[in-house]
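Got a fold in front of you and want to know what the labels rest on? Let's go through them one at a time.

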Amino acid sequence: MNQLLLIDDDIELCELLSSWLTQEGFRVDACHDGNGARQALADRCPDAVVLDVMLPDGSGLELLKQLRGEHPELPVLMLSARGEPLDRILGLELGADDYLAKPCDPANSPPACAPCCAAARRRPRPAKWSWATCASARPAGWPASVSTKCR
């Protein structure tokens, strides 16, 4: 089962999307602000992220830049009430894999979510992840203090 991190301050939408994505075979964690998202990403690395552009404690676009710096291969679907073409272009140029405008209805969203979901399913993962797996994958000569978590 693939793990998605849903980052949106709209709790009702998170519940709706979580329910739909769970039915599609994903395990979903939701955060409702940037700080919660950063903590969730520090704790575990999901297979894909659905990220709102406007968060109560900062810009989702800034969080996207950080994600791209720390997790360049992580699929990210931007979700926003701002459906202007310029907003979409900016999100895509900053590294989003796709962009979905709100309001979104899960019944109509599968085609829009499909690229991100497909990328999450294709993302290679160890059969069983553990810190020992990460430590054994550390390149020779790297000090043990250098974290390989989610990178």
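Here are some questions about how the terms apply to this chain. This is a predicted model, where local features need pLDDT of at least 70, side-chain atom pairs count only at pLDDT 80 or more, and totals for chains, interfaces and linings use all residues. Residues are numbered from 1 along each chain as its sequence is written, and side-chain values use heavy atoms, with hydrogens and water left out.

Q: What makes up the secondary structure of the chain?
A: Six helices and seven strands, where a helix is a DSSP run of H or I with at least four residues and a strand is a run of E with at least two, numbered from the N terminus. Along the sequence that reads β-α-β-α-β-β-β-α-β-α-β-α-α.

Q: Why is strand β1 (residues 2-7) called largely enclosed?
A: Buried means under 20% relative accessible area with a 1.4 Å probe, counting protein chains only. Six of the six residues of β1 meet that, so the strand is largely enclosed by the rest of the structure. Asn-2, Leu-4 and Leu-6 point one way, Gln-3, Leu-5 and Ile-7 the other.

Q: How do you know that β1 and strand β2 (residues 26-31) pair?
A: Pairing takes at least two DSSP bridges between two strands. Six bridges join β1 to β2, and they run parallel, with Ile-7 opposite Cys-31.

Q: What makes β1 and strand β3 (residues 48-52) a pair?
A: Four bridges, in the parallel sense. One bridge puts Leu-4 with Ala-48.

Technical notes
Buried < 20%, exposed > 50% of the residue type's maximum accessible area, 1.4 Å probe, protein only.
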